[in-house]
Amino acid sequence: MLAFKMQKCTSLLVLFYALGVFATLEVGFGFILEGSSNRSCIESEKLSLLRLKEHFVDPSLYLWSWVGDDCCAWHGIVCSKKTGHIIELNLRNGALSGDQIHSSLLDLKYLTYLDLSLNYFYGIQIPDFFGSFRDLTYLNLSFSHFEGLVPHHLGNLSSLQYLDLNDNFLLSIDNMGWLSKLSMLEYLDLSSVNLSRATHWFPPTNMLPSSISVLNLYGCHLPNDILGSLLFSNLTSLVILDLGYNQIKSSFPLWVFNNSGLTHLNFGQNIFSGPLPEAIGGLPSLLELDLSSNDFQDPIPESISRLTSLTNLHLSNNKLQGLIPTSIGSLTSLLELDLSNNMFQGVIPESIGRLTCLTILHLSNNKLQGSIPRSIGSLSSLSTLDLAFNKFQGLIPQSIGKLTSLSSLDLSENRLNHSIPTEMGNLTKLNHLIISSNELKGCLPNAFCQLSKLETLYADKNHLSESIPKCIGELSNLKELDLFSNSWEGFVSEHHFFNLTILTYFYISSNSDLAFNVSSEWVPPFQLQYLYMKSLKVGPRFPNWLMTQQEIRYIRMSNTSISDKIPADWFVSLLSRAFIVDLFNNEIKGTQLSYISSASDGLAILALSNNHLSGEFPAFLCNLTSLSTLVFSNNNFSGELPQCLGKLTELRDFDVMNNSFYGEIPVSLGSLKHLTYLNLHNNKFQGKLPLSFQNLKELVALDLGKNNLSDFLPSWIGEQLPRLQYLILRSNNFYGTIPTEICHNSTIQILNLARNQIIGHIPPCFGNFSAMITSDSRLTMGPGFSSENGEMIIDNSKGYELEYTSTLGFLVSIDLSNNDISGEILDELMDLHGLLNLNLAGNRLAGNIPDRIGKLEQLEYLDLSSNELYGHIPQSLSDLNFLSSLNLSFNDLSGRIPTGNQLQTLDDPSIYAGNSQLCGQPLLKPCLDSYREACSDSDSDDERLWFYAGMGPGLLVGLLLFCASLQVNKS
């Protein structure tokens with residue numbers, strides 16, 4: 001929107017400049033101002049005009065005056081007073097059309113001015129003979145829908161000063177060389193002309209005469225042929241340069257700075273990159289600078305503060321970073337400042353308050369933080385203020401109440417965390433107020449009721465509480481009101497909507513105790529198109545006021561305590577115009593949906609899960625071929641699913657979990673080639689898995705658990721379903737071995753084959769599940785999966801059922817429990833470092849627990865119970881720091897139970913029960929080797945004591961013997 005406004009603004013400025021050039025031309029050719037001569041025009045030229053007129057279609061009678069002898073008096077014709085020749089033909093904005101521009105125009109040999117702009121010459125090429133008007137100084141063919149190649153003959157117009165081919169989308173130029181022949185050219189506008197075939201467009205453009213002051217090549221599909229490092233060029237007199245919307249890939253072209261008189265520079269919507277040069281401060285005349293939507297990086301140069309004449313500065317959608325310079329306060333002429341969608345950090349400088357002429361300020365989508373400066377209240381001319389998607393904290397400053405010219409204020413997606421200042425009630429010109437997704441507290445101030453011009457109020461996703469002020473119903477211009485996800489209390493009554501006659505959008509929910517309390521006879525003054533009500537009491541009866549809303553296109557009413565039947569006629573009417581219908585998590589009951597025979601197509605999402613609906617599957621839904629999401633889970637539907645479901649070719653999500661459907665799974669479901677989520681969990685389906693499911697190439701989640709299916713585990717699941725992430729076949733009667741082909745699908749995150757009749761070994765190729773290898777390889781569900789519609793996956797790999805919705809992408813699990821699988825626990829499984837749950841209980845696995853089990857560093861749940869495992873429990877099990885549930889019971893394990901780290905918290909002896917040779921904590925059975933070591937240590941201490949005790953007497957006896965021998969020798 002902003003880019004469009006900027007282009008519109010630039011176009012107007014170009015137009016004003018063009019008028020200035022035209023005025024110069026008129027002064028230069030004073031005979032034009034003299035008007036036509038007193039005598040009749042030249043007969044041959046009059047006849048030429050009449051022939052030209054014959055080939056025009058003129059529905060608005062623009063050429064009504066082209067009658068009589070004096071063609072110089074006809075509309076759009078100017079003749080020379082000196083010669084009588086026609087020198088000007090101006091058919092601007094004539095709504096003319098035809099099959100050609102007749103060659104009779106050639107007879108007007110002395111034309112200096114030709115304007116055919118703003119006409120409808122569809123399918124007509126610019127005639128080659130236009131290049132024959134040697135005296136032509138002004139040629140304007142803009143907005144006239146010419147097609148084909150621009151003739152090179154236009155290069156013969158050696159006197160041409162003004163050329164405008166703007167906004168002829170079907171025109172193209174294959175070679176720009178002829179432009180360099182236009183030695184008198186001052187104004188060139190080729191905007192929207194296709195120059196993609198002009199592969200070397202810049203050199204001939206650089207050869208344009210030094211007199212060129214306006215060069216507009218906006219949206220020309222220019223090839224990447226601009227030299228950013230070129231220091232000098234012939235273009236030194238430019239006042240307006242527009243190369244916007246061209247995908248030019250270059251650094252900032254330094255030759256631009258040779259044009260010191262430049263007032264308007266637009267490089268927006270290209271792929272310019274690198275830093276903004278300091279030299280940008282050397283363009284003192286610059287009024288408008290648009291560098292938006294590029295890849296410019298680094299901070300804004302300080303030199304930009306020297307552009308004191310600047311009125312519009314647009315740097316949005318780049319990769320600029322660092323601080324917003326304090327010196328930006330020097331740009332006191334600024335009317336528009338847009339720095340949105342960059343990576344600016346730090347605070348908004350207080351100097352922003354000096355920009356008192358500013359009318360538009362966009363700083364959204366940066367990394368700005370701290371408080372919103374009080375000085376922002378000095379911007380008294382501001383009409384638009386957008387600070388959304390930053391990290392602002394603290395208060396909304398009271399000074400914001402001084403911005404009495406403000407019409408749009410967006411503070412959403414920040415961390416503002418105080419009460420809303422009542423001074424905001426002074427913003428009486430406000431049309432749009434968005435304070436969503438903050439941490440605002442307290443009440444919605446009554447002062448908001450003074451904002452009589454307010455059309456949009458978004459206060460959702462905050463911590464607002466207390467009751468909603470009734471005076472909100474006095475805001476008669478309000479069209480959109482979003483109070484979703486707060487902690488409102490009390491009641492919402494008809495008084496809240498008293499004068500909201502044009503309200504079309506109403507969202508509300510509460511984390512506290514809020515009730516919708518209106519009389520059963522209330523007829524709202526509005527007709528809603530969008531309605532979202534969640535977690536507030538609306539029922540138990542189906543609300544009568546809702547049935548008065550005949551324009552609803554989007555409705556979500558979840559957890560609203562409705563325990564009534566759906567009015568069938570109203571529901572059919574709703575389905576005929578709405579694209580989303582969600583009545584999830586109520587207590588709606590009845591069989592009436594099964595009796596609806598037809599409904600108009602157009603619905604995209606139908607979510608009726610978590611209710612008490614019953615009866616057969618509503619067959620009329622098969623005719624709603626635009627359906628992309630159909631969720632009927634957690635109801636009481638029964639019967640068979642119809643084959644006509646195959647007609648829902650746009651279906652992406654189909655969920656009938658926890659119903660009582662029976663029979664075989666319809667083969668026709670295999671024709672739904674866009675299906676990403678298929679959940680038939682906990683029904684009574686039987687038979688085989690349809691071979692047609694091989695066609696579901698987009699399938700991400702398949703849950704057929706808790707049915708009565710009986711089939712070989714199909715090998716094609718791994719080969720034909722390349723995007724599958726979640727495969728749940730538990731609690732059926734699948735048999736045979738696990739096919740190795742399943743390993744071809746490396747994206748699988750959840751594999752649950754528990755409680756079937758599977759035999760054989762675990763394939764070694766399980767180590768190929770790359771989505772289970774790294775803890776950060778969290779994949780996401782297909783684009784349609786949403787907990788908002790009641791869609792979920794139920795997994796019991798932890799031994800009990802858990803519901804996963806938005807957290808599903810973080811679950812990595814293998815459950816092969818309660819089958820007849822034999823062999824060993826593969827060492828390859830220890831490579832699945834991202835695994836959270838591993839359940840192999842209730843099989844016939846034998847051998848040792850792999851020593852590398854400690855490598856499963858993310859493991860939270862491990863169940864190897866009821867197998868035939870033997871040997872020691874690896875010490876590395878103590879390395880599992882996240883392990884919260886462990887079961888090794890009923891195997892033949894032996895030796896000491898490892899201790900340390902997380903194992904210290906798993907002190908339930910039952911997790912080791914049925915292993916008679918285990919010892920140590922938490923079992924009461926001590927280990928024998930510990931007893932022997934203790935005994936051995938005791939024996940050693942006794943021996944050491946006896947050794948030292950015997951040393952003294954021994955030494956004494958030895959000494960006495962030595963002395964006795966000496967005495968004998970003396971004797």
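The disulfide between Cys 72 and Cys 79 is left-handed, with -95° about the S-S bond. In this predicted model, the sulfur atoms of Cys 72 and Cys 79 sit 2.0 Å apart. Both ends of this link are tucked away: Cys 72 is buried, and Cys 79 is too. It belongs to a set of six disulfides in the structure. Counting the bonded cysteines along the chain, the pairing reads 1-2, 3-4, 5-6, 7-8, 9-10, 11-12.

Another of these links runs from Cys 449 to Cys 471, with an S to S distance of 1.8 Å. Here the torsion about the S-S bond is about 65°, so this disulfide is right-handed. As for location, Cys 449 lies in the loop between β27 (432–434) and β28 (456–458), while Cys 471 lies in the loop between β29 (465–466) and β30 (480–488). The bond therefore ties together parts that are 22 residues apart in sequence. Cys 449 and Cys 471 are both buried.

Further along, Cys 622 is joined to Cys 644, S to S 2.0 Å. The torsion about the S-S bond of Cys 622 and Cys 644 is about 55°, which makes the disulfide right-handed. This pair also bridges distant parts of the chain, 22 residues apart. Cys 622 sits in the loop between β39 (612–616) and β40 (629–631), and Cys 644 in the loop between β41 (636–639) and β42 (653–655). The two ends fare differently when it comes to accessibility. Cys 622 has a relative accessible area of 1% and is buried, whereas Cys 644 comes in at 25% and counts as partly exposed. Buried means under 20% and exposed means over 50%, so the 25% of Cys 644 puts that residue in the class between.

Two more cysteines can be placed on that scale. Cys 357 has a relative accessible area of 36% and is partly exposed. Cys 443, with 32%, is partly exposed as well.

Turning to charged pairs, the count comes to eleven salt bridges. One of them brings the side chains of Lys 46 and Glu 43 together, at 3.3 Å from N to O. Lys 46 and Glu 43 are three residues apart in helix α3 (residues 43–54), so about one helical turn separates them. Lys 46 counts as buried, with 7% relative accessibility, while Glu 43 counts as partly exposed, with 44%. This pair does not stand alone, as Glu 43, Lys 46 and Asp 69 are linked in a network of salt bridges.

Helix α3 also reaches out to another part of the chain. The side chains of Arg 51 and Asp 107 meet in a salt bridge, 3.4 Å from N to O. Arg 51 lies in helix α3, but Asp 107 lies in the loop between β4 (97–98) and β5 (113–115), so the contact ties together parts that are 56 residues apart in sequence. Arg 51 is partly exposed, with a relative accessible area of 34%, and Asp 107 is partly exposed at 33%.

A further salt bridge connects Asp 564 with Arg 541, where the closest N and O atoms are 3.2 Å apart. The partners come from distant parts of the chain, 23 residues apart. Asp 564 is found in the loop between β35 (554–558) and α5 (568–577), and Arg 541 in the loop between β34 (530–534) and β35. Asp 564 is buried, with a relative accessible area of 18%, but Arg 541 is exposed, with 61%.

Then there is the matter of a sheet. Four strands make up an open sheet in the order β14-β16-β18-β20, and their pairing is parallel. The edge positions go to β14 (273–275) and β20 (343–345). Each of these edge strands has a single partner strand, so one side of each is left without a neighbour in the sheet. From one strand to the next, the twist averages 15°. At the β14 edge, β14 pairs with strand β16 (residues 295–298) in the parallel sense over three bridges. In that pairing, Ser 273 has Asp 295 of β16 as its bridge partner.

Notes:
Residues are numbered from 1 along each chain as its sequence is written. This is a predicted model: local features need pLDDT of at least 70, side-chain atom pairs count only at pLDDT 80 or more; totals for chains, interfaces and linings use all residues. Side-chain values use heavy atoms; hydrogens and water are left out. Two strands pair if DSSP finds at least two bridges between them. Helices (H or I, at least four residues) and strands (E, at least two) are DSSP runs, numbered from the N terminus. Axes are lines fitted to C-alpha atoms, for helices over the stretch in contact, and angles run from 0 to 180 degrees between N-to-C directions. A disulfide is a pair of cysteine sulfur atoms within 2.5 Å. Buried means under 20% relative accessible area, exposed over 50%, partly exposed in between (1.4 Å probe, protein chains only). A salt bridge is a side-chain nitrogen of Lys or Arg within 4 Å of a carboxyl oxygen of Asp or Glu.
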